[in-house]
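Please open the model in your viewer and keep the selection panel at hand, since this tour moves from one selection to the next.

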Amino acid sequence: MTQRKARILFLHVNFPGQFRHLAPALHRAGHDVRAVTLNSQPQAPFPVTRAPLPRGNAQGIDPLLRQLDSKVVRGRAAQRVLTAWRDAGWRPDLVVGHAGWGDMMAVRELFPQCRCLGWFEFFYHVTGYDAGFDAEFPAGEEQRLRTRLNNLWPLWMLEQVDLGVCATRFQKTTHPAAYHDKLRVVHEGIDTQHFVPDAAVRVTVGKNLTLDRGTPVVTFVNRDLEPYRGYHVFMRALPDILARNPQAHVLIVGGDGVSYGAAPPEGRSWKSIFLEEVAPRIDSRRVHFLGRVPHATLRALMQLSRAHVYLTYPFVLSWSLLEAMSCAAPIVASDTAPVREVITSGENGHLVDFFDREALVEAVGEALGQPAGRMTPWRAKARRTVVDGYDLHGRCLPAQIGLVEELLRGA
């Protein structure tokens, strides 16, 4: 790491977010690190300041502009804190932030000489990616307009930063080609020494049910249970999965809200809508909705899994897939672009068409029905994929630090 000690500012509305490891590493190296967050204020070995929002959305604002207005509000909140620091004499050499939330808005005006490193997750399109992918949820005119306007902010941020970071090659390709030279592909990283296989793992579900690797366990994990992550496809396949695998238990992790895409009908949740659709045809004693769980529990579930199902639109790749692979879980996943970047069907997992319910049922049944030894090569290759390409300490964190050093050398 560079010997020059620098002032480094981190911006993230939910700090530490993607910077959970990078910010402490730079602090340990002796840099003067500060952070601004807009929500809860975490414990950290360096100053983290919470910036309260000055207002809510403006009254009467056009719905198409509400998201943009929210970003400006967040930007104003951060601006107040940063202005006070500037006036007191603290000016960063480097600002590292998530480009999508709005809190980087005033950085260039307040600190014109600093270098900027921004995290970019996804550039929206009205065709060819997530919007319009699923015919069951067509993108109407209003949604397409909103999608186009959503890109105003990332386009502006692409002009403001010196370098941008995308977690995967797929996510980089969603951004305009004119900016590809400015975007580097560096994943946030998976702690492969924490997410490890454990053949002796046992998990207790509810009060009386304890599961181990001798039980055919299917896992399905997402932040929220919604169509973007294939919840509807999985639930519609569930009756046949249970019928063909009469000893199987299914563990479903995820909240009732919406992280991506359209909201469900008012007063409903996607979880309840699709559960009600199949409820008469499933054995509820073998289907366990666990809600959102602590990371330690999540790791145990992935270690336990004998078929980890991951479905997604062409959208941002979930950390949970890579964590499951690091735990050497057998993967059954959708044959969509972000997944193909990490899964080669028949080598380190099994890919099925997102909409092919029967193929999903067969692939899960095949994974559950194989003797443990038959799955060993898949499991080992899945873990090796993550260790070689996405390991936090051996690859990703050093690459992130390298970007910081590159920008500081040019400051």
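Begin with residues 249-255, which make up strand β11, and add β12 beside it: in this predicted model, the two strands pair in the parallel sense over 4 bridges. To look at one of these pairings, select valine 250, whose bridge partner in β12 is valine 287.

Now widen the selection to the whole sheet, an open one of 6 strands that runs in the order β12-β11-β10-β13-β14-β15 with parallel pairing. At its edges stand β12 (287-291) and β15 (350-352), and because each has a single partner strand, one side of each is left without a neighbour in the sheet. If you look from strand to strand, neighbours in this sheet are turned against each other by 20 degrees on average, direction ignored.

Next, select residues 231-244, helix α7, which packs on the sheet and touches β10 (217-224), β11, β12 and β13 (307-310). The direction of α7 makes about 165 degrees with that of β11.

Keep α7 shown and add residues 270-278, helix α8; the axes of the two helices come within 9 Å and cross at roughly 20 degrees. An angle under 35 degrees counts as roughly parallel, so α7 is roughly parallel to α8. The crossing of these two helices is right-handed.

Finally, show the side chains where the helices meet: Tyr231, His232, Met235, Arg236 and Pro239 belong to α7, and they meet Trp270, Lys271, Phe274, Leu275, Glu277 and Val278 of α8. Which kinds of residues make up the contact of α7 with α8? Colouring them by type will show 7 nonpolar, 1 polar and 3 charged residues.

Technical notes: Residues numbered from 1 in each chain as written. Predicted model: local features only at pLDDT ≥ 70, side-chain atom pairs only at ≥ 80, totals over all residues. Heavy atoms only, no water. Pairing = 2+ DSSP bridges. Axes fitted to C-alpha atoms, helices over the stretch in contact; angles between N-to-C directions. Contact = heavy atoms within 4.5 Å. Parallel < 35°, antiparallel > 145°, perpendicular 65-115°, else oblique. Left-handed = near helix turned anticlockwise from the far one by under 90°. Nonpolar A, V, L, I, M, F, W, Y, C, P; charged D, E, K, R; others polar.
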